[in-house]
Amino acid sequence: MYDKQDIRNIAIIAHVDHGKTTLVDGMLKQSGIFRENQQVEERVMDSNDLERERGITILSKNTSVYYDNVKINIVDTPGHSDFGGEVERVLKMVNGVLLLVDAYEGPMPQTRFVLRKALELNLQPTVVINKIDRPDARVDDVVDEVLELFMDLNASDEQLDFPVVYASAKDGVATLDMSETGKSLKPLFETIVKYVSAPQGDPDGSLQVLINNTEYDPYQGRMAVGRISRGCMKTGQKVALIHHDKTIVYARLGKVYTFEGLKRVEKEEVRCGDIVTFAGLEDVRIGDTVADPEHPEQLPPIAIDEPTLKMNFIVNDSPFSGREGKFLTSRELRARLYKEMEKNVSLRVKDTENPEAFEVSGRGELHLSILIETMRREGYELAVSKPEVIFKQEKNDLLEPIETLYVDIPEDKMGPVMEIVGNRRGEMQNMTNLGDQLRLEFKVPARGLIGFRTQLLTETRGHAVMHHVFNGYEPYKGDIQRRYQGVLIAFESGESTTYGLHSVQSRGTLFISPGTSVYEGMIVGEHVREQDLEVNICKKKHLTNMRSSTAEGALRLEEPRKFSLEEALEYLGDDELLEVTPSGLRMRKKLLQKHQRDKAAKQAKVSG
């Protein structure tokens, strides 16, 4: 064994919006990767449209920079626990982590989640306190909070002795001492080279690579990404591909690449310690081992936490089916979901008794909604059911997933928030004063968080910030009432009119505008009462000789309530579906006709 001293492999972990992608931008620019006159986008690592729109990292990505002839491979990891599957596998490629923490907010739930994974793998952390230029920065307090977090997570003595770098990623500066003004990111580069251990391995041993990620190249087919643990990899080399179940397939590699900046650079040979991507193995999956065919030794496969939420993806059978999408059939839907499962390791897809419905399980609401949004943009039409938590049966106990919930609120909003969380079977664990804000910590059943964000923002008039992270399984906490109001349901198919909408708006809150095409059974608003109500929003005013030409325009309508994808999923009831198309979202009843719903309600009453 020897240390590959000219290589460092690090992952950057941080909570959403703590400046992780901005810091990578600065490191790339200051390492000389780009030409002086080259135009470079901000947040260059967020290559996915959804990542740019939402300001979050969804897919882990690889890049590298050079400092003093040392190659630093950087893996940008997602900050949200719903993408924990991405986090867990990329940490296997690195020897150290940069823990990035906001100088005001301090360590947050997703920070805790990813850091726990890193410490369990015995990775050496370097703490970067970012946004030190904020006027409300509380740097010393945040460093103390980070130390407390490390102790809470049972960090070793070596891990507790972490170096601290103070930075402003936006300005591209860092310093090791708050009394000194930083001029560049040089102190950060030097800290990485000094404190992150070099990768170990025997370059003359038999080949071993654990596959941590897969990509698709339109010219070369499936590409695999991993770190060479032992030996070296060459273009055209014969290898043994060892699957999870220990079956072995013999194959020959295609082209082999390493990462230089944001580009893949072809290499004839790559030695152990470096992160590579290569073509030629069409059957390769995440967690497989690529080894020497003469000595095929398997590395421990990647263990991924189980999903906690499930929902049904169903072929769209609404009256508007086929109007807006390109991919409509169960065969196309099934193929797309199973293809996603190959690279999205936290996802589970299962066929159901209904050939047109598939049960899809994931790590959380955001995890599943990103998949739905991606498919919608690709041209798929589908219907999805209300998200449900996955229960476990252990002996005679029913267990359910529990989340740790953090809510930042103004002090005067504490009462309403406590009431909402209490109604959802939440238990308060801690309260921290952040100056003019309070941070409340709760343990809440995962099903209690479905629809929680919308209610929280309404009650606090948009002043609350919430984050949550999976805590574990505990005994069932009891029933939770999810929605207190019924819905307004379109009575017939047609086009909504101002007159029709005006006549029903006193019955509740509308979700649509005049001129919207609707069908029987489509949800068009929220009722003020608990029961559902069928309404005729397509009716027109009767024509008479006395009709004023301005009468229709004089009718005033309230602004309709618009839903994002996540809000619509949270809002759904047990007997409702969300129709998802490339052009929009429509909530509907599973049974579109009133007599069908009445019949189903009677049968449920009899059987209940």
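A residue counts as buried under 20% relative accessible area, as exposed over 50%, and as partly exposed in between. The views below show parts of a predicted model.

**Figure 1. Lys 234 and Glu 269 form a salt bridge.** The closest N and O atoms of Lys 234 and Glu 269 are 3.9 Å apart. Lys 234 belongs to strand S12 (residues 232-234) and Glu 269 to strand S17 (residues 269-271), so the salt bridge ties together parts that are 35 residues apart in sequence. Glu 269 is partly exposed because its relative accessible area is 37%, a value between the limits of 20% and 50%. Lys 234 is also partly exposed, with a relative accessible area of 38%.

**Figure 2. Four charged residues are linked by salt bridges.** The network consists of Lys 71, Glu 260, Lys 267 and Asp 274. Within this network, Lys 267 pairs with Glu 260, and their closest N and O atoms are 4.0 Å apart. Lys 267 has a relative accessibility of 29% and therefore counts as partly exposed. Glu 260, at 21%, counts as partly exposed as well. In the whole structure, a search finds 34 salt bridges.

**Figure 3. Arg 134 forms a salt bridge with Asp 136.** The closest N and O atoms of this pair lie 3.0 Å apart. Arg 134 is partly exposed, at 26% relative accessibility. Asp 136 has a relative accessibility of 34%, so Asp 136 is partly exposed too.

**Figure 4. Tyr 67 and Phe 189 form a stacked aromatic pair.** The count of aromatic pairs comes to eight. In the pair shown, the ring centres of Tyr 67 and Phe 189 are 5.3 Å apart and the planes differ by 10°. Tyr 67 is part of strand S3 (residues 61-67), while Phe 189 is part of helix H7 (residues 186-195). The pair thus links distant parts of the chain, 122 residues apart. Tyr 67 counts as buried because its relative accessibility is 16%, which is under the limit of 20%. Phe 189 is buried as well, with a relative accessible area of 4%.

**Figure 5. Phe 511 and Tyr 571 form an edge-to-face pair, with their planes at 85°.** The centres of the two rings are 5.6 Å apart. Phe 511 is in the loop between strand S32 (508-510) and strand S33 (517-518), and Tyr 571 is in helix H14 (residues 565-571), so the pair ties together parts that are 60 residues apart in sequence. Both Phe 511 and Tyr 571 are buried. Together with Phe 563, these two residues make up one aromatic cluster.

**Figure 6. Charged side chains sit over the rings of Tyr 257 and Tyr 473.** Arg 264 lies over the face of Tyr 257, at 5.3 Å from the ring centre. At the other site, the charged end of Lys 392 is 4.3 Å from the centre of the Tyr 473 ring.

**Figure 7. Helix H8 has its buried residues along one face.** H8 (residues 330-343) consists of 14 residues. From its first C-alpha to its last, H8 reaches 21 Å, close to the expected 20 Å. Leu 333, Arg 336, Leu 337 and Glu 340 are buried in this helix. Seen down the axis of H8, the buried residues fall within an arc of 95°, so they line one face. They pack against several elements, including strand S20 (309-314), strand S22 (357-362) and helix H9 (365-377). The face turned away from the buried side carries the exposed residues Arg 331 and Lys 339.

**Figure 8. Pro 355 lies in the loop between S21 and S22.** Pro 355 is exposed because its relative accessible area is 61%, which is over the limit of 50%. Pro 355 and Arg 331 are 24 residues apart in sequence, and their C-alpha atoms are 9.3 Å apart in space.

**Figure 9. Helix H10 packs against two strands, S26 and S28, and helix H11.** In H10 (residues 414-423), the buried residues are Val 417, Ile 420 and Val 421. They cover an arc of only 95° around the axis, so they are on the same side of H10. The buried residues pack against strand S26 (397-410), strand S28 (437-445) and helix H11 (452-459). Just after H10, Arg 425 takes a positive phi of about 65°.

Terms used: Residues numbered from 1 in each chain as written. Predicted model: local features only at pLDDT ≥ 70, side-chain atom pairs only at ≥ 80, totals over all residues. Heavy atoms only, no water. Phe/Tyr/Trp six-rings, centres within 6.5 Å; stacked < 30°, edge-to-face > 60°. Helix = DSSP H or I, 4+ residues; strand = E, 2+ residues; numbered from the N terminus. Buried < 20%, exposed > 50% of the residue type's maximum accessible area, 1.4 Å probe, protein only. Lys NZ or Arg CZ within 6 Å of the ring centre and 35° of its normal. Expected span 1.5 Å × (residues − 1). Arc of directions from axis to C-beta. Contact = heavy atoms within 4.5 Å. Salt bridge = Lys/Arg side-chain N within 4 Å of Asp/Glu carboxyl O.
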